[in-house]
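This report describes how a protein model meets the DNA beside it. Please look at the structure below before reading on.

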Amino acid sequence: MRALGLTIHGRRILAAELHLKRTAPGISARKFDRQLRNSVITAVNRRGKYILIELDSQLVLTTHLRMTGKFLSVPHGEKLPPYAHAVFHLDDDRMLVFCDMRQFGRMRILRANKLALAPEISALAPEPFSDEFTADYLIRVLSRSRRSLKQLLLDQTKVLGLGNIYASEALFLAKINPFKAAATLSRKRALLLHQAIRDVLQEAIDAGSTLNINLTDGGGTYFATPERFWRVYEREGEPCVNCGTKIRRVVHGGRSTYFCPKCQRR
DNA sequence: ACCCTCACCTGCACGC
DNA sequence: TGCGTGCAGGTGAGGG
């Protein structure tokens, strides 16, 4: 995110190509280009998992990378990388390329003054590192839900920023059972969960900014999800880092959930 | 209003 | 070797 901002801030979009229709539903390739062409990128921000590329035209290009989406910076004239679904020609002789093997990522063009009204943005929970995301906020949300903790943590309108991997990780860090009903969590343990949510997210951010972002990669700059190891995720059968008990995997709400049956008994 | 299930898509790890 | 099957992830449509 930050690296992307540094690379494209202040650049003018000379042309915008939409190669895959479903990447930007409801807009033609022609209109996609017309709306973005000749505008200057004034800021790159983020709300939840949405990247907001703000333009001097008072429009905002929103992008959700989903699982496999990524932005690459490619020198103009170079061969496009695989799965390039949108290409932005910039005024510094580079192209910003949106690639997505699974075609799940989505782009939308919104008016800046209507951004907060867009349903996918307006419904989002407070940013996890904002003052608004307090332990009391979390406790309130937990108390009003009839779902399990794991399911609640995946709901971006309740708790923002965790996906399936980090929901498992946060619960492991807080030593709380993923299947426990959200409303039955004690205040004391909700405080631990609140901290754990911030901790796993901070870890992931640190890993991304220090370990795996290579801005001078000759083959094109990657702003991809970092490769890293997790404490419980994808560790079924391996010993728990705290107690050595074998990590278990249970499909819950249609998603794999990893946990230590001893550390996270309740 | 809330919450559940399933479709979306591709590469890859499996088993036969 | 090759083919079929199931799985992974985040979201939103559709239904209860």
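A phosphate oxygen of DNA strand C is 3.3 Å from an N or O atom in the side chain of Tyr50, a polar contact in the sense of a pair of N or O atoms within 3.5 Å. The model is predicted, with local features needing pLDDT of at least 70 and side-chain atom pairs counting only at pLDDT 80 or more, while totals for chains, interfaces and linings use all residues. Residues are numbered from 1 along each chain as its sequence is written, chains are lettered from A and ligands numbered from 1 in written order, and side-chain values use heavy atoms, with hydrogens and water left out.

Further polar contacts to the two DNA strands are set out here.

| Residue | DNA atom | Distance |
|---|---|---|
| Arg66, side chain | base nitrogen, strand C | 3.1 Å |
| Ser256, side chain | phosphate oxygen, strand C | 2.8 Å |
| Arg102, side chain | base oxygen, strand B | 3.0 Å |
| Gln103, side chain | phosphate oxygen, strand B | 2.8 Å |
| Arg146, backbone | phosphate oxygen, strand B | 3.2 Å |

Of the 15 residues around DNA strand C (a heavy atom within 4 Å), His64, Met67, Arg102, Tyr233 and Arg249 come nearest. Sugar and phosphate account for 58% of the atoms of DNA strand C within 4 Å of the protein. For DNA strand B, 72% of the atoms within 4 Å of the protein belong to sugar or phosphate, and the rest to bases; the residues around this strand include Arg22, Tyr83 and Phe104.

Thr63 is placed in strand E4, residues 59-64, where strands are DSSP runs of at least two residues, numbered from the N terminus.

Notes. Helix = DSSP H or I, 4+ residues; strand = E, 2+ residues; numbered from the N terminus. Polar contact = N/O pair within 3.5 Å; in protein donor to acceptor, adjacent residues only side chain to side chain.
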